[in-house]
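Reader: Please give me a close reading of one part of this model, the pairing of a strand with its neighbours, and then set that part in the context of the whole chain. I would like the side-chain contacts and charge pairs treated with care, with the limits of the prediction stated.

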Amino acid sequence: MADPPGCCRPCATCLLCLYSCQWITAKKEKRKDLRTTKCDCSWFLFLFCVFLFTLVWLYFAIIILNDFHNFNEFIFKQRKLWLDWSLVLLIATSVLITYSAVLLVLALCLQLCGQPLKLHWLHKTLLILIALVVAAAFTGLGIKWAEEWRSASISLQATGPFLHIGIVGGMTLLAWPLASFIYRTHNTGVKVFLLLVYCTAMIILYLSPLRISSPCIMEVNQLPPKPALFGHRGAPMLAPENTLMSLHKAVDCDVQVFETDVMVSADGVPFLMHDEELTRTTNVQAVFPERAALNSTAFNWTDLQQLDAGSWFLERRPFHTVQSLSAGDRYQATKQRIPSLEQALEAAKQNNISVMFDLRPENHSDYQSFVNATLEVILQSGIPLQQVLWLPDGFREQVKQQAPGVQQVYGRKRLQNEKEPLLHVNLPYQDMSSEEIRQYRQDNISVNLYVVNQPWLFSVLWCSGVSSVTTNACQVLKEMKHPIWLLPSSTYLMIWIVVDCTSFLAILWAFLLMK
């Protein structure tokens, strides 16, 4: 078989070398009469499926970056090992997708050059391993982190229109090697099967925008106001979490609410701390090594004040932003101590921002005394009670009686025939659909969703009309003046028609040209 125009013999030989791991010249191939067998076609199909499988995993990996800090914290809690596992995930996924993509490109080029698709056994083994690794990753995701499936569903509201364009483009390019293969094969059944599958796939793709739903497909004048920002433990990308420095950095980001977690010391002093143990965010292992594994509430306030609550931030670098901190910020971080709730309320009052908090641990035997101690600090602080947002469900009625001005925030959706209507809800962003957000907004119920770090997610929730979001990345979301993209329905319809028509004409050209 002669090389097709535009495919020189040295190029074909190099392609064969890389794909088949054999240095076979075209003349030798003719002598051996090597042809692409059904088995070779099956391996090409497997290669194509592995590439798509890995590509889908890459999409998931990018989506779950919004929540990956939670995974890092989980691993630290289990293994006492801190590492930014998102880098490991992205590097490993990039290697897998690059390898399968290179093999796929080689196979398509070989097909266009009229060369046999003799995949080497080493490549076959590695492809099987890749498929198993990605399958294991998806399985683990489904078992340990099932809510990320809902995150992926939400992400399609942001990426759906662009995925449609990309997939249509990719399938259109596939028409060239497909046409080449169809015209070269003599098996009528294979020809009919491939054409039916390809045509069916393209028809589905052309009509898929009918099923694409995105809140950001709207007229510009219908865009809701930008959601308010709640600083998740302050501004944890710019300062050690749950410290006064973090609170002040959050104020610089124009947050309206400082979201934090409160625990009560053994001698009754409420203080800011998220974890039940002190090991992740303090140097307790150096100061009190024999007590490091104890619950945070087992320490008295004097002991807690001896701990360094900032140096860990520079040593472990929980976010990539740490390396860009100024020398002054680095020095300030090393001076941070665990703040009391009283200190936090005073800082919030001075900066005119609200404070929203959980009271932990909810299952503690002395939880009612924790509530009493916390209420006492709030009432004595002098902060306007409307600036305090109360999240804990335990003893909520007592809080309403003793501090009626405190805003009650509920971590659940409203119930049917509820006696007292909800005014504020605080939920994971995966738990509310765009339709529910719009309905709550119409009913004047304030909806805060957490934790929202990526601009694409913030854009979707903005278009949906959410009231506020809790975020680690207040410095990023602060700079967003509008959603990443916003398309009027008429513009989107025009893009859809142009893309599909262009693709259809390109496919016709490919089949006519290859003939």
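**Strand 4 and its surroundings**

Author: Strand 4 and strand 5 (residues 388–390) run parallel and are joined by three bridges. Everything said here concerns a predicted model, and the values that follow are computed from its coordinates. Within this pairing, Met-356 stands opposite Leu-389 of strand 5. Strand 4 also pairs with strand 2 (residues 257–264), again in the parallel sense, and here the pairing extends over six bridges; one of the pairs of bridge partners is Val-257 with Ser-354, the latter lying in strand 4. Strand 4 itself covers residues 354–359, and because five of its six residues are buried, the strand is largely enclosed by the rest of the structure. As a general point for reading such an arrangement, side chains in a regular strand alternate between the two faces of the sheet.

To place this part in the whole, the secondary structure of the chain comes to 21 helices and nine strands, and the chain has 515 residues, of which 50% count as buried. Its C-alpha trace spans about 90 × 55 × 40 Å along the principal axes. Among contacts with a sequence separation of 6 or more, 68% are between residues that lie 24 or more positions apart. The accessible surface comes to about 25200 Å², and carbon and sulfur atoms account for 62% of that area.

Confidence deserves a word before the side chains are read. The average pLDDT of the chain is 92, and 96% of the residues score at least 70. Over residues 1–6, however, the pLDDT is below 50, although this stretch has eleven contacts in the model beyond near neighbours in sequence. Where pLDDT is low, the predicted coordinates should not be read in detail.

Turning to the charge pairs, opposite charges on side chains can pair when their charged atoms come close, and a search of the whole structure finds 16 salt bridges. One of them joins the side chains of Arg-233 and Glu-241, with an N to O distance of 3.2 Å. Arg-233 has a relative accessible area of 5% and is therefore buried, and Glu-241, with a relative accessible area of 7%, is buried as well. A further salt bridge links Glu-397 to Lys-400, at 3.5 Å from N to O. These residues, Glu-397 and Lys-400, are three positions apart in helix 17 (residues 396–402), which means that about one helical turn separates them. Lys-400 has a relative accessible area of 18%, and since buried means under 20%, Lys-400 is counted as buried.

The pair of Glu-436 and Lys-413 has its side chains meeting at 2.9 Å, N to O. This pair links distant parts of the chain, 23 residues apart, with Glu-436 in helix 18 (residues 434–442) and Lys-413 in the loop between strand 6 (407–408) and strand 7 (424–428). Glu-436 is partly exposed, at 27% relative accessibility, and Lys-413 is likewise partly exposed, with a relative accessible area of 30%. Elsewhere, salt bridges that share partners join Glu-73, Arg-233, Glu-241, Asp-275 and Arg-280 into one network, so the pair of Arg-233 and Glu-241 described above belongs to that network, and these two are buried at 5% and 7%.

The helices offer a buried example and a surface example. Ser-503 is found in helix 21 (residues 489–514), and it counts as buried because its relative accessibility is 4%. Leaving aside residues up to four places away in sequence, Ser-503 touches Val-168, Thr-172, Met-202 and Tyr-206.

On the surface, Trp-121, Leu-122, Leu-126, Ile-128, Leu-129 and Leu-132 make a nonpolar patch of about 580 Å². Ile-128 lies in helix 6 (residues 121–144), where Leu-129 is found too. Ile-128 counts as partly exposed, its relative accessibility being 37%, and Leu-129 is also partly exposed, with a relative accessible area of 45%. As a final indication of distance, Leu-129 and Leu-422 are 293 residues apart along the chain, and their C-alpha atoms are separated by 51 Å.

Definitions and conventions. Residues are numbered from 1 along each chain as its sequence is written. This is a predicted model: local features need pLDDT of at least 70, side-chain atom pairs count only at pLDDT 80 or more; totals for chains, interfaces and linings use all residues. Side-chain values use heavy atoms; hydrogens and water are left out. pLDDT is the predictor's confidence in each residue, from 0 to 100. Contact means heavy atoms within 4.5 Å. Patches are made of residues with over 30% relative accessible area and no salt bridge: like charges are joined within 9 Å, nonpolar side chains (Val, Leu, Ile, Met, Phe, Trp, Tyr) within 5 Å. Accessible areas come from the Shrake-Rupley method with a 1.4 Å probe; for residues, only the protein chains shown count as cover. A salt bridge is a side-chain nitrogen of Lys or Arg within 4 Å of a carboxyl oxygen of Asp or Glu. Helices (H or I, at least four residues) and strands (E, at least two) are DSSP runs, numbered from the N terminus. Buried means under 20% relative accessible area, exposed over 50%, partly exposed in between (1.4 Å probe, protein chains only). Two strands pair if DSSP finds at least two bridges between them.
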